[in-house]
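Reader: I have a protein structure open and would like to go through it step by step. May we begin with a single residue and work outwards?
Author: Certainly; here is the structure.

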Amino acid sequence: MTWLRLRITASEMPSPLFVEDISNLLVIAGVETFTVEDFSDLEETLSGGGIFYDYIDDELIASEGNIPVLYAYFGTDEEGDATYAETVRALTAMRNSEGGYASLVWSQDTVRDEDWENNWRQYFKPFPVGDTLTVKPTWEELPEELAKNRHIIEIDPSSSFGTGSHATTKLCLEKLEKVIRGGEHVLDMGCGSGILTIAAMKLGAGDAVAVDIDSVAARIAAENMEQNDLGSDVVKVLDGDILADKSLYEAVGEGYDIICANIVAGIIIMMSDMFYEKLKVGGYLIASGIISEREEEVKKALISSGFTVIESEVLDDWSVILLKKEK
């Protein structure tokens, strides 16, 4: 389906209530779908000392203070045309009023559903990782040269993190190759698409538990397990906040040979003691999702919990740390 998209912003910062006023205007005009890009939300996240900022693109951080932008979407049928006309009429009246919106501007273009949902797929192709793994999108054919003597990970990340192409995931996959010898009990904390769990099982792990705080990610991970012929008898997928939910904490269990934590630095630090508790003596923790500037901070926390650092590696400004529970 094709949609008419109206981009609404201002040539200079208007009222502090800009987003609220325009949102109300759109609702009153009958617009059912619109989105907001407001960099003040990002500024609030960063200034609040949040721990989820490591994956924020540098360009977005540099854009702090920019004027918010709203995108309104209209069907290309008679009803959509009428709603669009009413919206433009209301915007024009607002700009011509004495309410401080003389700098209000808007423009239009068209987008298609597939532009939102599927354009990224054309860039996701099969590729090798490490010495023995190949990541294959479920919708792509596998070239013969990428299939020979390799474990194939079939993946459809959908809206969850984990195509294998990001440096953090590549680093984890390579470390899994290094530590799996066969039969291991594996915990994938913050599993996203489930790619690390699938890799671990393909490499010879005995069973695994995959956990994500996002129920949608957990559902997608479960679907990817099924795509790779991994049933619930060998892989358990759970969702929830393990630090806040005691029943989930207990359901995850302990005695793991390997824990993968491809999350972000702050969360790894918060979970440091938990990782140590849930690993058996001699077990390995693969910690990634760590922007390189925070590597030493994460190491310090993990060492404080009792871990021994085996090695660390950096790729594209992202770090992975391989640690061991030795006692």
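**A conversation about the model**

Author: Asp188 sits in strand E8, which covers residues 185-189. Please keep in mind that this is a predicted model.

Reader: Which side chain of opposite charge is nearest to Asp188, and how far away is it?
Author: The nearest one is Lys202, 14 Å away. Asp188 is buried and has no salt bridge.

Reader: Then which side chain does Asp188 have a polar contact with?
Author: Its side chain is joined to that of Thr197 by a polar contact of 2.8 Å. Beyond the residues up to four places away in sequence, Asp188 touches Leu196, Thr197, Val209, Ala210, Val211 and Cys260.

Reader: Let us step back. How many helices and strands does the protein chain have?
Author: The protein chain has 12 helices and 14 strands. It consists of 327 residues, and 46% of them count as buried. Of its contacts between residues at least 6 apart in sequence, 67% join residues at least 24 apart.

Reader: What about helix H7: how do its expected span and its end-to-end distance compare?
Author: H7 runs over residues 167-179, and at 1.5 Å a residue its 13 residues should span 18 Å. The end C-alpha atoms are 19 Å apart, which agrees.

Reader: Why is H7 described as largely enclosed by the rest of the structure?
Author: The reason is that 10 of its 13 residues are buried. Among them are Leu171, Cys172, Leu173, Lys175 and Val179.

Reader: Lys175 carries a charge, I believe. Which residue does Lys175 form a salt bridge with?
Author: Its partner is Glu311, with the closest N and O atoms 2.6 Å apart. This pair links distant parts of the chain, since Lys175 is in helix H7 and Glu311 in strand E13 (residues 308-315), 136 residues apart.

Reader: Is each partner buried or partly exposed?
Author: Lys175 counts as buried because its relative accessibility is 6%. Glu311 has 22% and therefore counts as partly exposed.

Reader: What allows such pairs to form in general?
Author: Side chains of opposite charge can pair when their charged atoms come close.

Reader: How many salt bridges are there in the whole structure?
Author: A search finds 12. In one of them, Lys125 and Glu140 meet at 3.1 Å, N to O. Lys125 lies in the loop between helix H5 and strand E5, and Glu140 in the loop between strand E6 and helix H6, so the pair ties together parts that are 15 residues apart in sequence.

Reader: And where do Glu223 and Arg219 lie?
Author: Both are in helix H9 (residues 215-227), 4 residues apart, which means about one helical turn separates them. They form a salt bridge whose closest N and O atoms are 3.0 Å apart.

Reader: A change of topic: which residues does Leu322 contact?
Author: Leaving aside neighbours within four places in sequence, its contacts include Val179, Tyr284, Ile310 and Glu311. Leu322 belongs to strand E14 (residues 318-324) and is buried, with a relative accessible area of 2%. Its C-alpha atom is 7.0 Å from that of Tyr284, although the two residues are 38 residues apart along the chain.

Reader: Finally, is Ala102 buried or exposed?
Author: Ala102 counts as exposed, at 61% relative accessibility. Its place is in the loop between helix H4 and strand E4. Ala102 and Ala10 are 92 residues apart in sequence, yet their C-alpha atoms are 8.5 Å apart in space.

Key:
Residues are numbered from 1 along each chain as its sequence is written. This is a predicted model: local features need pLDDT of at least 70, side-chain atom pairs count only at pLDDT 80 or more; totals for chains, interfaces and linings use all residues. Side-chain values use heavy atoms; hydrogens and water are left out. Helices (H or I, at least four residues) and strands (E, at least two) are DSSP runs, numbered from the N terminus. Buried means under 20% relative accessible area, exposed over 50%, partly exposed in between (1.4 Å probe, protein chains only). Lys and Arg count as positive and Asp and Glu as negative; His and the chain ends are not counted. A salt bridge is a side-chain nitrogen of Lys or Arg within 4 Å of a carboxyl oxygen of Asp or Glu. A polar contact is a pair of N or O atoms within 3.5 Å; within protein, one must be able to donate a hydrogen and the other to accept it, and residues adjacent in sequence count only if both atoms are side-chain atoms. Contact means heavy atoms within 4.5 Å. The expected span of a helix is 1.5 Å times one less than its number of residues.
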